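Let's take a friendly walk through a protein model. Have the sequence and the 3D view open as you read.

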Amino acid sequence: MSKIAFIYPGQGAQKAGMGKDFYENSKVAKALYDDANEKLDFDLLKLCFEENEKINDTRYTQPAMVATCLAITRHLMEENIKPEIAAGLSLGEYAAIAAAGGMEDLDAVLTVRKRGIFMDEAVPDHEGSMMAVLGMDKETLEQVMELFEDASVANYNCPGQIVITGKRDAVLEAGEALQKAGAKRTIELNVSGPFHSKYLEPAGEKLAKELEQVPWKPLEIPYVTNVNAQSVEDISKTKDLLTRQIASSVLWEQSMRNMIDAGVDTFVEIGPGKTLAGFLRKINRDVTVLNVSTLEDVAVLKEKLC
């Protein structure tokens, strides 16, 4: 019997049209979208389903992604496809917590709307940046990064792919130093700020106040947190972990390895794109990775899980 994990992508996976077929064909998915659209201060349906520029603005990306991921999740659960554990990369951790029963779907969507605003306000435009570093081992990269006060590691995604973050000048300088130290390639990312750096700590302080207002619920299944890659079974720890997460490194590779060590052999990536599937293939090629971003994918998933 497979041990199934639901995993959720972060920012960067979003695209126009995401979730539209679920909205049009699934009652539970439509209900979630409609409820969120009624409570949000912008047109969520237009943002998700039509071509637009706002979809890549973190203030709008975050609620759109979480709403879409949870709409798909509710449809899967309606089809009796349920996980034994969940995890999400950065923003995706909110979807994972909701899927694990720790918060209501609508609360997750509304909270990340605030999170996106706080993150956008934390650092003026163009002062911060992020960069993917390819083909370099973790130990060497960390040694180089110790030389830079204004840049740090944002994401440990998978072997050979680590993301750095910080003030733009420092990130660019660190990128040059990393290439000299052996990195195969560096790619500056198209993001609006230095996410998962110390410069997001003011956003974390604002977020902490919002998290105080969330009516948390006991977890039905565990989720794995980005902050320390450990399984969380006690919801009382979640507020502090999410507050810290906004400015700390995302330990995604370590999270996946710990889940595999705990017996997970089937990962279902929920939401647009196949980014997490790509990471997992580099982490462990022996596990099964399936993607669900369309209704057609649900049929394939059901067949594979039978």
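Here is a short tour of the sheet, the helices and a few loop residues.

## Ground rules

This is a predicted model, in which local features need pLDDT of at least 70 and side-chain atom pairs count only at pLDDT 80 or more, while totals for chains, interfaces and linings use all residues. Residues are numbered from 1 along each chain as its sequence is written, and side-chain values use heavy atoms, with hydrogens and water left out.

Names like H4 or E1 stand for DSSP runs numbered from the N terminus: helices (H or I) of at least four residues and strands (E) of at least two.

## The sheet

Let's start with the strands. Six of them form an open sheet in the order E8-E7-E2-E1-E9-E10, and the pairing is mixed. Strands count as paired if DSSP finds at least two bridges between them. At the edges sit E8 (231–232) and E10, each of which pairs on one side only.

Take the E8 edge: E7 (residues 223–224) and E8 run antiparallel and are joined by two bridges. Valine 224 has serine 231 in E8 as its bridge partner. Over at the other edge, E9 (residues 266–270) and E10 run parallel, with five bridges between them. There, threonine 266 is partnered with threonine 288 in E10.

Is E10 mostly covered or mostly open? Four of the five residues in E10 (288–292) are buried, so the strand is mostly covered. "Buried" here means under 20% relative accessible area, "exposed" means over 50%, and "partly exposed" is in between (1.4 Å probe, protein chains only). E9, helix H12 (residues 275–283) and E10 also build a right-handed β-α-β unit. Right-handed means that, with the strands pointing away from you, the path from the first strand over the helix to the second runs clockwise.

## Helices on the sheet and on each other

H4 (residues 58–78) lies across E1 (4–8), E9 and E10, at about 160 degrees to E1. H5 (residues 92–99) lies across E1, E2 (85–88) and E7, at about 160 degrees to E2. Axes are lines fitted to C-alpha atoms, for helices over the stretch in contact, and angles run from 0 to 180 degrees between N-to-C directions.

H4 also packs against H2 (residues 27–39), with an angle of about 150 degrees and axes 8 Å apart. That makes the two helices roughly antiparallel, a label for angles over 145 degrees (under 35 is roughly parallel, 65 to 115 roughly perpendicular, the rest oblique). Among the residues in contact (heavy atoms within 4.5 Å) are Leu32 and Tyr33 of H2 and Leu70 and Arg74 of H4.

What about H9 (residues 201–212) and H10 (residues 238–245)? Their axes come within 9 Å and cross at roughly 155 degrees, so H9 and H10 are roughly antiparallel too. Gly204 and Leu207 are among the H9 residues at this contact, with Lys239, Leu242 and Thr243 on the H10 side.

## Three loop residues

Alanine 229 sits in the loop between E7 and E8. It has a positive phi of about 65 degrees, although it is not a glycine, and it is buried at 3% relative accessibility. Asparagine 80, in the loop between H4 and E2, also has a positive phi, near 65 degrees. But asparagine 80 is exposed, with a relative accessible area of 61%.

Finally, glutamate 50 is in the loop between H3 (44–49) and H4. It is partly exposed, at 42% relative accessibility. Not counting residues up to four places away in sequence, glutamate 50 touches Ala16 and Leu45.
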